[in-house]
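Welcome! Take a moment to look over the structure below, and then we will walk through it together.

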Amino acid sequence: MDVGGGRKAYDDINITPMLDLAYVLLVIFILMATASVQGVKVDLPKASSAKSLVQPKIVAITVNNQGQIFMDAFPVTISDLETRLRNAKATNPDVPIVLKGDQASQYGKIMEVLDLCRQLELNKVGLVTGKPTAS
């Protein structure tokens with residue numbers, strides 16, 4: 001009794017559609033890689049009022065457990081920190097500040113730094129915390 005109805009099973013796989021797709025993708029990738037903006041080199045004029053596209057530098061302030069203050073890993077006093085923050089604000093009024101305090105540090109020193117930032121009207125101040133450890 002012939003159950004298959006006279007049909008033969010396919011012994012080979014037709015890979016032609018897969019190769020067609022691979023060639024099309026290869027052509028697309030080649031075109032996209034060479035389609036970068038080439039242009040002609042010119043000497044651009046300088047404009048003092050042009051807005052800079054450079055991202056602002058983040059100022060990192062750290063207070064360790066002895067109450068020492070560091071600005072970008074350099075030890076500073078509170079008056080030196082004020083001078084440096086004024087200079088940073090002069091170059092960029094919206095300078096972002098990150099404040100890191102040791103959990104055993106003196107709370108008064110951290111509040112002193114936060115108060116200084118408020119007096120200088122630096123509004124982009126963030127406090128850094130760590131992730132809790134899994135128990």
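Let's start with one residue in this predicted model. Leu 26 has a relative accessibility of 47%, so Leu 26 counts as partly exposed, because that label covers values from 20% to 50%. You can find Leu 26 in helix H1, which covers residues 16–34. Leu 26 also helps to make a nonpolar surface patch of about 750 Å². Its partners in that patch are Ile 13, Ile 15, Met 18, Leu 19, Tyr 23 and Ile 30.

Now let's turn from the surface to the inside. The largest nonpolar core has 18 residues. Within this core, Ile 61, Leu 81 and Leu 85 have the most contacts. Strands E1 (59–63), E2 (69–71) and E4 (97–101) each give two or more residues to the core, and so do helices H2 (78–91) and H3 (107–119). Which element gives the largest share of this core? That is H3, with 4 residues.

Ile 61 is a good residue to follow further. Leaving out residues up to four places away in sequence, Ile 61 touches Ile 69, Phe 70, Leu 81, Leu 85, Ile 97, Val 98, Leu 99, Lys 100 and Val 113. One of these, Leu 99, is also the bridge partner of Ile 61 in E4. Leu 99 has a bridge partner in E5 (residues 125–127) as well, namely Leu 127.

Here are the two strand pairings side by side:

| Strands | Bridges | Direction |
|---|---|---|
| E1 and E4 | 5 bridges | parallel |
| E4 and E5 | 3 bridges | parallel |

Methods. Residues are numbered from 1 along each chain as its sequence is written. This is a predicted model: local features need pLDDT of at least 70, side-chain atom pairs count only at pLDDT 80 or more; totals for chains, interfaces and linings use all residues. Side-chain values use heavy atoms; hydrogens and water are left out. Patches are made of residues with over 30% relative accessible area and no salt bridge: like charges are joined within 9 Å, nonpolar side chains (Val, Leu, Ile, Met, Phe, Trp, Tyr) within 5 Å. Accessible areas come from the Shrake-Rupley method with a 1.4 Å probe; for residues, only the protein chains shown count as cover. A salt bridge is a side-chain nitrogen of Lys or Arg within 4 Å of a carboxyl oxygen of Asp or Glu. Buried means under 20% relative accessible area, exposed over 50%, partly exposed in between (1.4 Å probe, protein chains only). A nonpolar core is a set of buried Ala, Val, Leu, Ile, Met, Phe, Trp, Tyr and Cys residues joined through side-chain atoms within 4.5 Å. Contact means heavy atoms within 4.5 Å. Two strands pair if DSSP finds at least two bridges between them.
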